Amino acid sequence: DVSNFPPTPTPPPYTAPTPTPIPAWNAHVPSTARTVTVDGICRPAEYPESSRVTMEPDRYTSMHLLASRDALYLFTNILSGGHGLDSAVTLYINRDGQGGSAPGPADLRLRLLPDGTLEAGTGDGSGYGGAAPAILASRTISDTRLALQEDIRTVNSPWWAGEVRIPWEAL
């Protein structure tokens, strides 16, 4: 017959350490004479570690940027999400370096979706309904299960990664 229980012990107080802020991008884009294949795969031989840019708003994911003789290349790391989910990478590029309060013809918006669709538009004064350069290229890879390297088990979560090529004449 149990009539009462001993009091629950109180654990010692814990103060979480202050996280170290992720440094801002230094605006350096490495250049290469190598050939980059737009295939949705980020090969270390194509994208050096120095090309990593942390993305907003969460700053826990990143992209790689690389300048070659013919184009600017961008590659996402592995991203959570998949087809039919609210998952995309949106890039805003101001091609004349002037900025402004509303998107103008020099502003380019690229939105890469997990299925490989690249939605692109230029500023029209109130949005991005203007025609985009037709010479853009993209490719994604994806799956419904993430098989990490050298791991016996897979993670049952959709994932994707993508690559975009923007020829210099489009910039």
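In the predicted model, I22 is placed in the segment before β1. With a relative accessible area of 40%, I22 is partly exposed, because its value falls between the limits of 20% for buried and 50% for exposed residues. The C-alpha atom of I22 is separated by 21 Å from that of Y92, a residue 70 positions away along the chain. The segment before β1 also contains A27. Most residues other than glycine have a negative phi. A27, although not a glycine, has a positive phi of about 65°. The relative accessibility of A27 is 54%, so this residue counts as exposed.

Strand β3 was examined next. Of the 6 residues in β3, 6 are buried, and the strand is therefore mostly covered. In a regular strand the side chains alternate between the two faces of the sheet. In β3 both faces are covered: A71, Y73 and F75 are buried on one side, and L72, L74 and T76 are buried on the other. Strand β3 pairs with β2 in the antiparallel sense, through 5 bridges. Within this pairing, M63 has T76 of β3 as its bridge partner. The two strands β2 and β3 form a hairpin, with 3 residues between them. Strand β3 also pairs with strand β9, which spans residues 159-167; this pairing is antiparallel and comprises 5 bridges. Here the bridge partner of F75 is E163 in β9. T76 and F75 thus each take part in a bridge, T76 with M63 and F75 with E163.

The largest pocket of the model has a volume of about 600 Å³. Its lining consists of 21 residues, and those nearest the pocket centre are W25, V53, T54, M55 and L65. Several strands contribute to this lining: β1 (52-54), β2 (62-67), β3 (71-76) and β5 (89-94) each supply at least two residues. The greatest contribution to the lining comes from β5, with 4 residues. When the lining is divided by class, 14 residues are nonpolar, 4 are polar and 3 are charged.

Strand β5 also belongs to an open sheet of 3 strands, arranged in the order β5-β6-β7 with antiparallel pairing. Because β5 and β7 occupy the edges and each has a single partner strand, one side of each is left without a neighbour in the sheet. Neighbouring strands of this sheet are turned against each other by 15° on average, with direction ignored. Strands of a sheet pair through backbone hydrogen bonds, either parallel or antiparallel. The pairing of β6 (residues 107-112) with β7 (residues 118-122) is antiparallel and extends over 5 bridges. Along this pairing, L108 stands opposite T122 in β7, and R109 has G121 of β7 as its bridge partner. The hairpin of β6 and β7 has 5 residues between the strands, and in this hairpin G116 takes a positive phi near 95°.

Aromatic contacts were considered last. A pair of aromatic rings is described by the distance of the centres and the angle of the planes. The structure holds 1 aromatic pair. This pair is formed by Y92 and Y128, whose ring centres are 5.6 Å apart; the planes stand at 50°, so the arrangement is tilted. The pair links distant parts of the chain, since Y92 lies in strand β5 and Y128 in the loop between β7 and β8 (137-143), 36 residues apart. The two tyrosines fall into separate accessibility classes. Y92 is exposed, with a relative accessible area of 55%, whereas Y128 counts as partly exposed at 21% relative accessibility. The value for Y128 lies above the limit of 20% under which a residue is called buried. Y128 and A71 lie 57 residues apart in sequence, with a C-alpha to C-alpha distance of 22 Å. A71 itself is one of the buried residues of β3.

Note on methods:
Residues are numbered from 1 along each chain as its sequence is written. This is a predicted model: local features need pLDDT of at least 70, side-chain atom pairs count only at pLDDT 80 or more; totals for chains, interfaces and linings use all residues. Side-chain values use heavy atoms; hydrogens and water are left out. Two strands pair if DSSP finds at least two bridges between them. On a 1 Å grid over the protein atoms alone, a cavity is a set of points where a 1.4 Å probe fits but cannot get out, and a pocket is an open set with protein on both sides within 12 Å along at least five of seven lines; lining residues have an atom within 4 Å of a point. Grid points are joined across faces, edges and corners, and a volume is the space filled by probe spheres set on the points. Ala, Val, Leu, Ile, Met, Phe, Trp, Tyr, Cys and Pro count as nonpolar, Asp, Glu, Lys and Arg as charged, and the others, Gly among them, as polar. Axes are lines fitted to C-alpha atoms, for helices over the stretch in contact, and angles run from 0 to 180 degrees between N-to-C directions. Rings of Phe, Tyr and Trp (its six-membered ring) pair if their centres lie within 6.5 Å; planes under 30 degrees apart count as stacked, over 60 as edge-to-face and the rest as tilted. Buried means under 20% relative accessible area, exposed over 50%, partly exposed in between (1.4 Å probe, protein chains only).
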